[in-house]
Amino acid sequence: MFDVEKVRRDFPILGVRVYDKPLVYLDSGATAQKPECVIETVDRLHRESNANIHRGVHFLSEEATEMYEAARARIAEYIGAEAREEVVFTAGATASLNTVAYAWCERFLRAGDNIVVSEMEHHSNIVPWQLVAERKGAEIRVLPFDEEGRLMTERLPALLDARTRVVAVTQASNTLGTRPDLRPVIDEAHRVGAVVVVDGCQGVVHGGVDVKALDCDFYAFSGHKLYAPTGIGVLYGKRDLLDRMPPFLSGGDMVDRVSFEKTTFAPVPLKFEAGTANFVGAIALGEAVRYVRQFDAAEVEAHERALLLRATEGLERIPGLRIYGTTPDKCAIVSFNVEGVHPYDMGMILDKLGIAVRTGQHCAEPVMTHYGVTGMCRASFAMYNTLAEADALVAGVERAVKMLK
């Protein structure tokens, strides 16, 4: 059985008290807390192994480079990439998605082409496509979701044609928790020659991914949602696509030869890693992956499922409360509102009870527009949360409702 209390001992911050109450941290969808081994890795690197990678011949530089590339190999294996060269380190999922939107579209998108984006995307998987479409004279088409929060993949064929170049879709919605069936999406997109870009920020944490089996063309995620530090992320891309793309950023470490007559570029993945890399973050992300892999994925999934069900069942008993996103296979995220209660007011009262949730639009304004609301409260669970914390959320919402209505 999954031992959540043992897991909790690995996360120092979970012992913090907020307003003299035990912290109930239910905002891991925004950023997850860090285990001791990741914190220690960051500290040790700064104390003992701090040197610029790839460029030095001295011991510290070679040591840091070796650890950096080892982290790349570990992450490639974790996500099922065919080769470590298909893993590009970035500043986060936003940087990863912008890299594809700029570099791939710079070469392959033309006026009159179109890009299909799902309605449930995070802004980071919407705005970059809008900007490149405006610059190139392309069209944005939207794949909608229904009231249950199910992505209406059956409508995708009608949106695709010979001029579709990109289909951008999430593996798991950061607001609704929906995990769309990406198999038909990818198959239909490939049928017309489009590439598929998957936002894996929530999916890589809740259920994981095998990018080779999934057959997506690009996959992006952020380290800080996977128990690693902020400022580090990953862009996976199929090797042949990365080879054909021009660099997104230019400068040091991404070049082969530089002269005033012509500059040639390093092979992938270095072609997309300009400047001094966040090698501390990358190595710490590798350590976070090592930490996660010690647990049985099925047990973690079952534990998070139990948390979601406990919270959902309790919240559904509260009069006037609506949960957004009710697909049966959703991940451990529950977004809700109570009739007559502003989500910010709800969030502030829960905070005073020591319960941290997210309030607002969750960088998914089209989702809010779909439901006709200005914001939602969101509780997002991680493997370190307990059933007692799910109960605390329900009790806290009940108390807030009595105070606000």
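A residue counts as buried when its relative accessible area is under 20%, as exposed when that area is over 50%, and as partly exposed in between. By this measure, buried residues make up 57% of the 405 residues in the protein chain. The model on display is a predicted one.

**The whole chain**

Begin with the entire protein chain in a cartoon view, where 14 helices and 17 strands can be followed. Along its principal axes, the C-alpha trace spans about 70 × 55 × 35 Å. A compact globule of 405 residues would have a radius of gyration near 22 Å, and the chain agrees because its own value is 22 Å. Of the contacts between residues at least 6 apart in sequence, 71% join residues at least 24 apart.

Next, display the surface. The accessible surface comes to about 17,100 Å², and carbon and sulfur atoms account for 53% of that area. Colouring by charge will show 45 positive and 56 negative side chains, with the centres of the two sets 2 Å apart.

**Helix 10**

Select residues 279-292, which form helix 10. The 14 residues of this helix should span 20 Å at 1.5 Å a residue, and the end C-alpha atoms are indeed 20 Å apart, so the two values agree. Is helix 10 largely enclosed or largely open? Of its 14 residues, 13 are buried, so the rest of the structure largely encloses the helix.

**Val185**

Move to helix 7, residues 182-191, and select Val185 within it. Val185 has a relative accessibility of 1%, which is why it counts as buried. Which residues does Val185 touch, leaving aside those up to four places away in sequence? They are Thr153, Leu156, Val167 and Val169. For a view across the model, add Phe272 to the selection: it stands 87 residues from Val185 along the chain, and the two C-alpha atoms are separated by 27 Å.

**Pro269 and the cis peptide bond**

Now select Val268 and Pro269. The peptide bond from Val268 to Pro269 is cis, with omega near 5°. Pro269 belongs to the loop between strand 12 (263-265) and helix 10, the helix visited above.

**His54**

From Pro269, turn to His54. These residues are 215 places apart along the chain, yet their C-alpha atoms are separated by 13 Å. His54 is found in the loop between helix 2 (36-48) and helix 3 (59-79). Although His54 is not a glycine, its phi is positive, at about 70°. With a relative accessible area of 28%, His54 is partly exposed. Show its neighbours as sticks: excluding residues up to four places away in sequence, His54 touches Ser61, Thr65, Tyr68, Glu69, Asp253 and Leu270.

**Asp215**

Finish at Asp215, in the loop between helix 8 (211-214) and strand 9 (218-222). What is the sign of phi at Asp215? It is positive, at about 70°, although Asp215 is not a glycine. The relative accessible area of Asp215 is 27%, so this residue is partly exposed.

Terms used: Residues are numbered from 1 along each chain as its sequence is written. This is a predicted model: local features need pLDDT of at least 70, side-chain atom pairs count only at pLDDT 80 or more; totals for chains, interfaces and linings use all residues. Side-chain values use heavy atoms; hydrogens and water are left out. Helices (H or I, at least four residues) and strands (E, at least two) are DSSP runs, numbered from the N terminus. The radius of gyration is taken over C-alpha atoms; the globule rule is 2.2 Å times the number of residues to the power 0.38. Buried means under 20% relative accessible area, exposed over 50%, partly exposed in between (1.4 Å probe, protein chains only). Contact means heavy atoms within 4.5 Å. Accessible areas come from the Shrake-Rupley method with a 1.4 Å probe; for residues, only the protein chains shown count as cover. Lys and Arg count as positive and Asp and Glu as negative; His and the chain ends are not counted. The place of a charge is taken as NZ of Lys, CZ of Arg, CG of Asp or CD of Glu. The expected span of a helix is 1.5 Å times one less than its number of residues.
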